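Let's take a walk through this protein, one stop at a time. Have the sequence and the structure open side by side, and look up each residue as we get to it.

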Amino acid sequence: MRDRARFFSPWRSRVAMPLGSYTCALSLEGSLAGDRAVAAAVTALADQSDVLTLALWPLGHGAIATECLGHWQETSVIDLRDGAEAAIARFKGVTRRMAGQAARRGVKCAVSKPEEGIDLYYAMLCGSARRWGLAAPSISRALLGAVFRAAGGDAELWFARLDGEPIAGGVVLYGSEELFFWSAAMREEFSYLRPSNALNVALIKTAAERGLRWYNLGASVGLPGVARFKRSLGAERLGYRSYTFHSRRYALFRRLKNVLLGRDDAPAAQSNPMNAVIGSSVDGGAGPSGTATPPSMTPAPESRSVLR
């Protein structure tokens, strides 16, 4: 939880996680907190803040029953409960064949030591960002380094190599139930080899070997080509909400400011665009349209919780 209070500002602003990512609510024993504990923790944080922004882990937490600002986001996930081979079998045929073809052409995927490959990967990421129409990656070199230093074995740098030369790569983060493919990049001149296909196969197998339930590919906002590729891997879209809470005094200040500036202060209410995708299975099975949905929430025995 980052406190964004500024020296000359009267407002205390808190952000649970940066870069639009999400956070997880845990009991003090380290297990996933139940709905009531989550609501109590969020209420306590909101009461101590003028602005509180957070998104809860979509694979473990349900929606908070509250009126607040916010917007719907989505991530793409692959359910690994039936193992890696079952997940790979759900790839589109051409995507699966291209992964096999990459392996036959000599593309090999393996984890790399961050201190040896981080600069090479970041250069690759900058090249990918330019192809996506971005001036720079949303992840800085400094942030990458900080993540590897803080996460230890829970963060890994992977490369797909041809004759020992890195041609694609990615950064993955491990949780107790998921592998999160946080960042990916590829050298354009080697795209014909489909190294990203091979890399995803290797990571799915790694996640399954670790006994993880979910392979999380993250969001693809503004990147339709990336979204199509994720669908070709058999990934299902999962919606979740980002919440923004305002204190009464900040809400009043905001209304007055917008009136003075002639702005509309009443944002349109948002419905969940993922209603056709999000299921409600109580056992974590398939929801509408065969979408894999997270297990239902069970209240934790300890009502106290922390956000991490």
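Start with Asp163, which counts as exposed because its relative accessibility is 76% and the cut-off for exposed is over 50%. Look for Asp163 in the loop between strand S7 (155-162) and strand S8 (165-174). Its backbone has something to notice too: phi of Asp163 is near 55°, a positive value in a residue other than glycine. Bear in mind as you look that this is a predicted model.

Arg194 makes a good companion to that first stop. Phi of Arg194 is also a positive value in a residue other than glycine, near 55°. Arg194 sits in a loop as well, this one between strand S9 (178-186) and helix H6 (195-209). How accessible is Arg194? Its relative accessibility comes to 36%, so Arg194 counts as partly exposed.

Now zoom out for a moment. The protein chain has 308 residues, and 46% of them count as buried. Along the chain you can pick out eight helices and 12 strands. If you take the contacts in the chain with a separation of 6 or more, 71% of them are between residues 24 or more positions apart.

Back to strand S7, where you'll find Glu156. Is Glu156 buried or exposed? Glu156 counts as buried, because its relative accessibility is 17% and buried means under 20%. Its side chain has polar partners: a polar contact of 2.7 Å joins Glu156 to the side chain of Tyr174, and another, at 3.4 Å, joins the side chain of Glu156 to that of Arg210. Set aside the neighbours within four places in sequence, and the residues in contact with Glu156 are Val111, Phe148, Gly170, Val171, Val172, Tyr174 and Arg210.

Another buried acidic residue is Asp79, in strand S5 (residues 69-79). Asp79 has a relative accessible area of 9%, so it counts as buried. Look at what its side chain reaches: a polar atom there lies 3.0 Å from the backbone nitrogen of Arg81.

Next, the helices. Two packed helices are described by the angle between their axes and the distance between the axes. Take helix H4 (residues 114-131) and helix H5 (residues 141-151): their axes come within 11 Å and cross at roughly 155°. Angles over 145 degrees count as roughly antiparallel, and therefore H4 and H5 are roughly antiparallel to each other. Their crossing is right-handed. On the H4 side, the contact is made by Pro114, Ile118, Asp119, Tyr121 and Tyr122, while H5 brings in Arg141, Leu144, Gly145 and Phe148. Sort the residues of this contact by type and you get six nonpolar, one polar and two charged. One of the H5 residues here, Phe148, is a name you've met already, in the list of contacts of Glu156.

The second helix pair is helix H3 (residues 93-104) with H6, whose axes come within 8 Å and cross at roughly 95°. That angle makes H3 roughly perpendicular to H6. Thr95, Met98, Ala99 and Ala102 of H3 make the contact with Asn197, Ala198 and Val201 of H6. By type, the residues of the contact of H3 with H6 are five nonpolar, two polar and no charged.

Stay with helix H4 a little longer and find Leu120. Leu120 has a relative accessible area of 43%, so it is partly exposed. Which residues does Leu120 touch, not counting those up to four places away in sequence? They are Phe159 and Pro166. Leu120 and Pro166 are 46 residues apart along the chain, and their C-alpha atoms are separated by 8.4 Å.

The last stop links two more places in the sequence. Glu236 is in strand S11 (residues 236-246), and it is partly exposed, with a relative accessible area of 26%. Glu236 and Ser76 are 160 residues apart in sequence, but C-alpha to C-alpha they are 5.3 Å apart in space.

Key: Residues numbered from 1 in each chain as written. Predicted model: local features only at pLDDT ≥ 70, side-chain atom pairs only at ≥ 80, totals over all residues. Heavy atoms only, no water. Helix = DSSP H or I, 4+ residues; strand = E, 2+ residues; numbered from the N terminus. Buried < 20%, exposed > 50% of the residue type's maximum accessible area, 1.4 Å probe, protein only. Polar contact = N/O pair within 3.5 Å; in protein donor to acceptor, adjacent residues only side chain to side chain. Axes fitted to C-alpha atoms, helices over the stretch in contact; angles between N-to-C directions. Parallel < 35°, antiparallel > 145°, perpendicular 65-115°, else oblique. Left-handed = near helix turned anticlockwise from the far one by under 90°. Contact = heavy atoms within 4.5 Å. Nonpolar A, V, L, I, M, F, W, Y, C, P; charged D, E, K, R; others polar.
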